[in-house]
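Student: Can we go through this structure together? I'd like to start with charged pairs.

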Amino acid sequence: MDYDLFQSDDDEDILTAFNVATQRLQQETPSHQMELDKQNGEDDDDDDDDGLDILPEFNCTGRDTPKANSYPRAGFVRNGFTHHDHPPYSKWEQICSDFNKEQLQVAAVTQYLYNEACKNIQKLFAAVAGQQQLQAPTTLSNSIWYKTRQQVTQFYHLLLRIHDEHICMETTRFLEDLRQLLNNLLDAEAWKVLYFAEHSKGNDCQAPAYHLYHGVLEWRFLDLILLSGADAPQTLLLSQLERTLDDLVLCASHHYRSKHRPELIHTSAFMCRCTKELWLLLAQLAPKWLHQSQLDIWELFHKAMKGHRTNEADSNAASLAFHEFYAWLRLSLARLCDDTDNESLGAANFQTGSLLKQFLYSQPDEQQRRVYLCLLAPLELQRGRSDPDVLCQLWEYLHRSLNCNFNAGTEQLEQLPLTCPSGAAYVERYSKLLARDQLEDLNLSSFTMYAWLLGRTLKLLPAQQQQGRGNQRQKLLGRIFSKFSAAKLLALNEPGIHHVIELFLCLLLSHEDLTELAPKLREMLLCLALEKLPPVRRILVAKGHMALLLLHARHRLAMDDYVAKLLGQLSAIRNDVEVAAIFVGSLQSVFDLADDFARGEQLLLGPWLTHYVEKCGQASQDRVWQALHSLIQRLGEPRAISGNASGMKEALQQHILPLLRTQYVAGHSTWLPRLAAEFVGLDKEREKLMVNFLQGPEPANMAASAQLIVHLLEERSSQAPAPSPSPSSAIILQVWIKSLVLLTAQHESVASLTGHVVQLEEFQQLAIDPASLAGREPLCAFFGALGRRAQQGDARIRMQLSHRLHAYVNHFELWLPPDRLRSELGSRFYSFLAIVIYNCPSLAYVRSKPSCFFHLSMVRFLLTTQLQAGVTPEGRLPQLVHKIFPVLLQGIGRLPYRTDAYLGKTLEQLILHWTPHFSFSPNAKLVARPYTTLLHADAGGDDGELSQFVLQQLVGHFLVVVRRKAGNHSGLVITLLQQMVESIAADQEQQLLSLLRAVHTPLLEHVMFVDELEHSRGQVLSLHRLIVSHDCFRRSQPARELCLSNLRSLADKHLAHCTYFYFQMLIKLAEQSPELLTPLLPYVREQARLVELKRGAGEDVGIRKCLQRLEQVLPG
């Protein structure tokens, strides 16, 4: 480039000539000129008032975004370039600061500014190209680039003004020269450098490329403005406009290549807002400029895109990239046009159908399809400009790939599409999907995007029926349905079935009236017969059926025929549990959507549901119970009562009640008691059904009875107008007592039931302190109060209370499951037996009544046939009985066991059969605890009669000597007696006397008759030594007298026949405690003499020797 061409040497001559001319004119007509100047000044002021206070230009704010709809204040849009027939112009002082208004109207000055503009344009191009040898002072920096660009822009604005005012006749030539200069300099290589020259600093940026790029935008636009206002041929304007659009498309293509494909749906095709503003200016002004040709921006745009494609390589990849770029730029331009108030721009021909056909012909991959559909969808849906032909093309292309996974990744993985867990989830997912106004989620497959686009389009089509396009819906649906046949449906794999489901759902969800469409789609889906499909596909088809069924219920469509066919297919696969689980998952939703239950909902309550509950797990069962609970709650609504509530109740009682009875006993779900209470309210024979639940087999859920009672009582209180029958006080108390036995007082269900129990009149009559129920064991408080009430009353009252007690504990023998004996429950149950017998012995025992509580407790739990036959009790049973044994014995002790043969025999059998099994621990103190406890507890009343009786039975059975041999359990009994003696305190004389009265004589006889080598003989002698050395024995004269009395009785009984054994026993005792036996010696001598007299043989040598040995042991 030759810059000397524009470096004028006669600039000063031009200015001198201009000044001379103006001075001469002023001298010739001074006065007239002053008036003229004055008038012109006023006119100029008026003109200046009409001009812009700024010089419109582009001031960049950085990268453009799709949501940026505002433009800079100093730009062209904000200054009215799109709203006036004639473009606005700036004030003279804004156009140029170096010359005043009069000077700017001189041709020589205009020529000079033109030359400067050409020079500055080339300066900017040279700077961008890297040529730095500029003929300019070296002190200048890059800050001159904005001024350089501005001078050119000012010159264009000058031309705009002087052209409008017809001041200069050279305007056309200047424009042509500048246009030719720019067209020659702006080639494809130049745009590669300029297209990205945006900057957030705007015109403060010092980069020459920035100012050249934005300057070109300004100059091209102003050139078009000037062309439109000149008398030039319209072909010239059209040619320059097309060249400008070609350059803009070229810049956009460079911008496209800098983007990753997923970024396209979130970014603008315009590099910066200045480019966007120029597109907007052209879009709005092009129809005005070309009104004779009747062309708009879209026709020019499509022509520019076709011209751009001719410059691209002709390959499949290039074709796909071109169509992707085409769709991206088209969408950005469409959004730009939609932001304007010009309705003519909205009625655009996007050519979506033809371009889509070319795109699909290029065989795009999945990600390309997703991006393209995201770019296509807004054009189809905005302002109701949907084109059903686009959907038909997509369907023709996609229906062949229904069995594909539509994976976007490059890895060949066998991945299933994102299926939903249930039919309700399918409906929810696609309802939310169709509620979206825009689709910018590339995680969705292209088929899902198509289904969304189809649904959104079908929603728009009814609004277009008034425009003569009402048949488009039927045409579109016909094209879709024609591709489905029974054979093709059965050939679908898992992804194919999923895609068909989402397609059908989008079709249904886009319609307000499903009367015609729903039957067609369900019949198509029923063609996928479950018995002809493998298990995985069955489950997926079942989800689709449930989704359709939910839509039937939502739109109040009859579903009896549909449900019947579904259950028929389910029956054909033997009520497969996995498929039935899908059906169950939608039960509650269907019931919740029903209003009068008159559309076939009762068919869902059939044998298949029973089969499913019997085969599925606990969590799945709970879903069924929850759905049934929700259903029963709905049956009380007025709409249901006036509808088919009776039919639903009949189905519940026919199919669900037998299942509920079985599950109530075998199941553990907390829903079962609630449902049982609700079924009691539905049944005609309510009381009978309630009793069957409460007094039938014991439920596996030990809290079930309490929960059932609580629900019944709560429902009765909530149904004030027509309450259901309340259970009797006896039943409530029975369940409460059973729950306290099987559970604990702190259990939630028991605590709730206790609140109802304390309000019963029958309970309040016992005058139980409520604080006692908050203790560790409310059973003790209750039965203790019942026993005290019996003691205070007469025989009639005791009989009534006995009847009540047996009602409270009715069938108690069934409460304890056999498999729970070894658990904590077994301990609570045996404690319950002891509590009742101890606190209410006269009520629990009814003479000659085998069904009384006392007798059943003995024969079923305490004195079983196996125990009496010698079978060792299992597990922890000895420990359980050992724990309650003293309480049990004391309870029997309150009964007339000495006069009642059954009671006496029972007490004896308890001691006989249970004592040998108490040796489960090496801890002797622990083993002896029942008898020790009994001894201490019984010492205060009746002179220890019960403890004496028990100890007599104990030693009478286990210390007996047979053929001088001790029994097998004699050592155990002797150990028990030793622990009892050790437990007696020094001041507890009564306990010692009770013990001696019961066991002293049997112990002495055991020493007499057992073999001297038997271990038990030594144990008994050790026990005797322990007794006589006890502090209490030493202090107690009655105890000593009792022992001497027993020895005298033994002398009377055995001295004559067992002389040697008796004296051997006395000698052993004398060795231990000679002071105890010394007072006995005279009596023994006398008895020896009497024996000799009875024998009549004089002195007996044996007796004399034994007596002599005894005297030797005793002192003095």
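Tutor: Here is a short tour of salt bridges, a charged residue without one, and some backbone angles.

Student: What should I know before we start?

Tutor: This is a predicted model, where local features need pLDDT of at least 70, side-chain atom pairs count only at pLDDT 80 or more, and totals for chains, interfaces and linings use all residues. Residues are numbered from 1 along each chain as its sequence is written, and side-chain values use heavy atoms, with hydrogens and water left out.

Student: OK. How many salt bridges does the structure hold?

Tutor: It holds 35. A salt bridge is a side-chain nitrogen of Lys or Arg within 4 Å of a carboxyl oxygen of Asp or Glu.

Student: Which side chain does aspartate 247 meet in a salt bridge?

Tutor: That of arginine 220, at 2.6 Å from N to O. Aspartate 247 lies in helix α10 (residues 234-257) and arginine 220 in helix α9 (residues 208-229), so the pair ties together parts 27 residues apart in sequence. Helices here are DSSP runs (H or I, at least four residues), strands are too (E, at least two), and both are numbered from the N terminus.

Student: Are aspartate 247 and arginine 220 buried or exposed?

Tutor: Both are buried. Buried means under 20% relative accessible area, exposed over 50%, and partly exposed in between (1.4 Å probe, protein chains only).

Student: Next pair. What does arginine 479 form a salt bridge with?

Tutor: Glutamate 396, with the closest N and O atoms 3.4 Å apart. This pair links distant parts of the chain: arginine 479 is in helix α20 (residues 472-481) and glutamate 396 in helix α17 (residues 388-398), 83 residues apart.

Student: New topic. Which side chain of opposite charge is nearest to glutamate 762?

Tutor: Arginine 804, 4.1 Å away; glutamate 762 is buried yet has no salt bridge. For charge, Lys and Arg count as positive and Asp and Glu as negative, while His and the chain ends are not counted.

Student: Where is glutamate 762?

Tutor: In helix α37 (residues 761-764). Leaving aside neighbours within four places in sequence, its contacts (heavy atoms within 4.5 Å) include Ser729, Leu733 and Tyr808.

Student: And the backbone? What is phi of arginine 963?

Tutor: Near 55°, a positive value in a residue other than glycine. Arginine 963 sits in the loop between β1 (961-962) and β2 (965-966). At 80% relative accessibility, arginine 963 is exposed.
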